[in-house]
Amino acid sequence: MIGIFGGTFDPIHYGHLRAALEAQALFGLTEVRLIPSAIPPHRDQPGANPTMRLQMLELAIQNQLGLIIDTCELDRPGPSYMVDTLRSLRQTNKGQPLLLFIGTDAFKHLKSWHQWQQLFDYAHIVVLTRPNFTHDGNDDFFAARQAKAITELAHSLAGKLYFQQITQLDISATAIRDMIAKQQNPSFLLPDSVINYIRQHKLYQRQ
Ligand code: ATP
């Protein structure tokens, strides 16, 4: 099984990194592909340009076996639709189940994603939940797809929905950007190497 963790990573922080690492261990994955979006279609445009967001990702995952960066969305023109990314990963990994990891917040807006139902044609979706998170059990589309055990995911290439609780780290890139704009110290929320990069390039100085 191949893990996929998409995001703006503006900047990458320990919330992303810990989630990807726990996902890798819990699902026994040889790799989790971190996929930075070029032009995120569902949100404000990033504060750092794609090259800088990629360089921060590279600094953050140095020496971290199993976490790899996939630049497919940066290499593709136009909006970064996850459905296009999954379609192309499906073509290059024909016999492998794909697991798309998304956080609770992203799942809440899943139905606004471009061709969201087709995501399930190419991958399983694993929602990395916060403790005490409850999802809308009345949704027939999701209820029909929900897997109860990780082993179910290995038995098909795509199409299931699974909820996995992980360590709660209440860290967001928005909060980090706000802190930097207010000249507060974001240490211990993201790697020092990334903080140094942000300082060197004077990123996020305005809200
Ligand atoms: P922003 O605050 O700019 O919206 P973010 O911190 O939410 O950014 P994104 O790059 O938008 O980060 O998120 C990428 C993915 O990582 C999403 O699926 C999101 O749900 C997940 N994610 C972000 N922060 C956390 C966290 N602290 N714990 C678990 N998952 C997270």
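**Group meeting: a pocket, a run of parallel strands and some salt bridges**

I'll start with the second largest pocket, whose lining is made up of Ile-180, Ala-181, Gln-183, Gln-184, Pro-186, Ile-195, Ile-198, Arg-199, Lys-202, Leu-203 and Gln-205. Two elements give two or more residues each to that lining, namely α9, residues 173-181, and α10, residues 192-200. Of the elements, α10 gives the most, with 3 residues. The volume of this pocket is about 180 Å³. Sorted by class, the lining has 6 nonpolar, 3 polar and 2 charged residues. Please keep in mind that this is a predicted model.

Next, the strands. I'll go through the pairings beginning at β2.

Strand β2, residues 32-36, pairs with β1 in the parallel sense over 5 bridges. One position to look at is Gly-7, whose bridge partner in β2 is Pro-36. To get from β1 to β2 the chain passes through helix α1, residues 14-26, and this β-α-β crossover is right-handed.

Strand β1, residues 2-7, is also joined to β4, by 4 bridges, and those two run parallel as well. Here Gly-3 has Leu-99 of β4 as its bridge partner.

From β4, residues 98-103, we move to β5: the two pair in the parallel sense, over 5 bridges. Gly-103 has its bridge partner in β5 at Leu-128. Then β5 is joined by 5 bridges to β6, residues 161-165, again running parallel. In that pairing Thr-129 stands opposite Gln-165 of β6.

How many residues of β5 are buried? The count is 6 of its 6 residues, for a strand that spans 124-129. In a regular strand, side chains alternate between the two faces of the sheet. For β5, one side carries His-124, Val-126 and Leu-128, the other carries Ile-125, Val-127 and Thr-129, and all of these are buried, so both faces are covered.

On to the salt bridges. Side chains of opposite charge can pair when their charged atoms come close. The count for this model comes to 6 salt bridges, and I'll show three pairs.

The pair I'd show at the start is Arg-177 with Asp-10, where the closest N and O atoms are 3.8 Å apart. Arg-177 sits in helix α9 and Asp-10 in the loop between β1 and α1, so this pair links distant parts of the chain, 167 residues apart. Both Arg-177 and Asp-10 are buried.

Next comes Arg-33 with Asp-70, at 2.9 Å from N to O. Because Arg-33 is in strand β2 and Asp-70 in the loop between β3 and α3, the pair ties together parts 37 residues apart in sequence. Arg-33 has a relative accessible area of 18%, which makes it buried, and Asp-70 is buried at 10%. Arg-33 and Asp-70 also belong to a network of salt bridges with Glu-31.

Thr-71 is in the loop between β3, residues 67-69, and α3, residues 72-75. Is Thr-71 buried or partly exposed? Its relative accessibility is 25%, so Thr-71 counts as partly exposed. The C-alpha atoms of Thr-71 and Leu-34 are separated by 8.5 Å, with their positions 37 residues apart along the chain.

The last pair is Arg-87 with Asp-84, whose closest N and O atoms are 3.0 Å apart. They are 3 residues apart in helix α4, residues 82-92, and so are separated by about one helical turn. Arg-87 is partly exposed at 26% relative accessible area, and Asp-84 is partly exposed at 24%.

That's the end of my slides.

Terms used
Residues are numbered from 1 along each chain as its sequence is written. This is a predicted model: local features need pLDDT of at least 70, side-chain atom pairs count only at pLDDT 80 or more; totals for chains, interfaces and linings use all residues. Side-chain values use heavy atoms; hydrogens and water are left out. On a 1 Å grid over the protein atoms alone, a cavity is a set of points where a 1.4 Å probe fits but cannot get out, and a pocket is an open set with protein on both sides within 12 Å along at least five of seven lines; lining residues have an atom within 4 Å of a point. Grid points are joined across faces, edges and corners, and a volume is the space filled by probe spheres set on the points. Ala, Val, Leu, Ile, Met, Phe, Trp, Tyr, Cys and Pro count as nonpolar, Asp, Glu, Lys and Arg as charged, and the others, Gly among them, as polar. Buried means under 20% relative accessible area, exposed over 50%, partly exposed in between (1.4 Å probe, protein chains only). Two strands pair if DSSP finds at least two bridges between them. A crossover is right-handed if, with the strands pointing away from the viewer, the path from the first strand over the helix to the second runs clockwise. A salt bridge is a side-chain nitrogen of Lys or Arg within 4 Å of a carboxyl oxygen of Asp or Glu.
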